[in-house]
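Here is a quick walk through a two-part story: some salt bridges first, then a helix and a chain-to-chain contact. Have the viewer open as you read.

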Amino acid sequence: MRYGRSTEVLKDVSFALAPGSFHFLTGPSGAGKSSLLKLIYLAERPSRGTIELFGRDVEAIAPSDRPYLRRRIGVVFQEFRLLDHLTAFDNVALPLRIAGGKPEAYRTDVAELLSWVGLKNRMHALPPTLSGGEKQRLAIARAVVNRPDILLADEPTGNVDDAHALRILKLFVELNRLGTTVLIASHDEDLVARSGQPVLHLEGGRLRAFGRSLRGGQA
Amino acid sequence: MSELFDPKRWRPAPLLPRRDPRDGALVFVIAVLCFLACLTALGGLAADRAARGWTGQLTGSATVVVRAMGAESPDIAAGRAAEALAGVPGVAEARTLEKEKAEALLEPWLGRDALLDDLPIPRLVTVEMDAKQPATAAALTQALKAAGIDATVDDHSLWIADIERAAGIARWAALGVFLLIASAAAAVIGFATRAAMAAHRETIEVLHLSGAKADFVVRLFQTRFAKAAALAGLFGASGAAIIGALARLAGGGQGLTPVAPVAWIDLVAVAPTPFLAALVAAVAARLAAQGLIGELA
């Protein structure tokens, strides 16, 4: 994959994530972690090669069907990408609203999820008034609220303390237990090692390791 | 739970900000352009009415120059001519122009101290035609000849061709200026809407990546910008209508109205402006949103 006429940021990356698996995506800055996630959540297209999602070649999927595919993918963006004019509650409810759900059907779930990520008293707050950690938790809540089939997270614990990082990790593990495939890009080697989950390691745009846990051994 | 917030009472907020400071500039630009387009439209209608008035006045009247024959006094000859002309079908009224008035018409050329009594001043008869079936110059001449009156009929035909040509130019010029202003307004509304749309790129991306269909996003922006443009169009059209009404009131029968005769009914012409502005903005917003989504997809 390349951006415009730049050099390739991802080269010969080939792997498959089994449904219901949990992986960390590691590598130094510029290794291509965010680009790989963008390819999976359909924000970018590969300049060569193919990507299959849910058993379908994404290039063969009609543009009108892509939104339905995107609804099955939850994304925690590195820069959060919250809508500043919407309250925390409205931001989290956004994917459910877009999917056509009725407010009375999901508002309790949204409230519970916000409580779970520690934003019980900040439901009516606008994102600009939230701290970095609160924004991060809000972004995570939005990504998981519709129980996606795949959860992609780009440095989801980058702005939170250890206690919150573990809490967030537990949420991801819980979602994974419920059947969601999880792929988390992270610099936090300590967290990755503690989780014991397998790793995809990128360096220089190439996949250097796949499936090995930082605790050692094949996952 | 937040003290101020009860999830059970929550209702989804509008997906776009209710008020955006950037919208003010957009509304202002559209309002000014609509105002100018409406003023040009009113000016065009006034020019058309003025042109029709000029030709109407000329074709609706004739002037007859009467020369007395033999011992008959000019006043008596003029009286007989008016009587003969009044009976011609297509003549609404024929009346003699008093001697004083005829002299007053000559005064600019001959001066006040001219010995007018010594000059053979012709008597004039003014003829007002029936607007529906005006009499022809030939019919008037025929009637005068039958009454034995030496007279010349001037039906202004010499002037009418020039006046009609001038009126035609005035009409086409007004229409051309209006079309130019209206298309410039439409283009600027389109550009301004696209520029304002670019500021919402982040919102569009988030909605898109959250699985919103293109139509969902497009409708959102289309509606928003159509509403803003309709409001701006209303301001612009109202401003122009007020100027038109003031011109009508200030002019009355004199002043501005003979030059730019705005009628009350003309003010109705600005009524479609909010709808047209909304339509242009909606199309521009739709195209811009589709373009942005196309780039993302």
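Is A:R206 buried, partly exposed or exposed? With a relative accessible area of 31%, A:R206 is partly exposed; buried means under 20%, exposed over 50%, and partly exposed in between (1.4 Å probe, protein chains only).

A word on ground rules. This is a predicted model, where local features need pLDDT of at least 70 and side-chain atom pairs count only at pLDDT 80 or more, while totals for chains, interfaces and linings use all residues. Residues are numbered from 1 along each chain as its sequence is written, chains are lettered from A and ligands numbered from 1 in the order in which they are written, and side-chain values use heavy atoms, with hydrogens and water left out.

**Salt bridges**

Over all chains, the structure has 18 salt bridges, each a side-chain nitrogen of Lys or Arg within 4 Å of a carboxyl oxygen of Asp or Glu. Among them are these:

| Pair | Closest N to O distance |
|---|---|
| A:D12 and A:R48 | 3.7 Å |
| A:R206 and A:D12 | 3.2 Å |
| A:D190 and A:R194 | 3.4 Å |
| B:E205 and A:R81 | 2.1 Å |

A:R206 sits in strand β8 (residues 206–213) of chain A and A:D12 in the segment before β1, so their pairing ties together parts that are 194 residues apart in sequence. Helices (H or I, at least four residues) and strands (E, at least two) are DSSP runs, numbered from the N terminus. A:D12 itself is exposed, at 53% relative accessibility. By contrast, A:D190 and A:R194 are four residues apart in helix α7 (residues 189–195) of chain A, about one helical turn.

**Helix α4 of chain A**

Which residues of α4(A) are buried? They are A:P103, A:Y106, A:R107, A:V110, A:A111, A:L113 and A:L114. These cover an arc of only 165° around the axis (taken from the directions from the helix axis to the C-beta atoms), which puts them on the same side of α4(A). They pack against α3 (88–98) and α5 (132–144) of chain A, whereas A:A105 and A:E112 are exposed on the other side.

**Where the chains meet**

Chain B brings 27 residues to the contact and chain A 30, with contact meaning heavy atoms within 4.5 Å. Two salt bridges run between the chains. On the side of chain B that touches chain A, helix α6 (residues 201–209) of chain B gives the largest share, seven residues. A:R81, B:R201, B:E202 and B:E205 are linked in a salt-bridge network.
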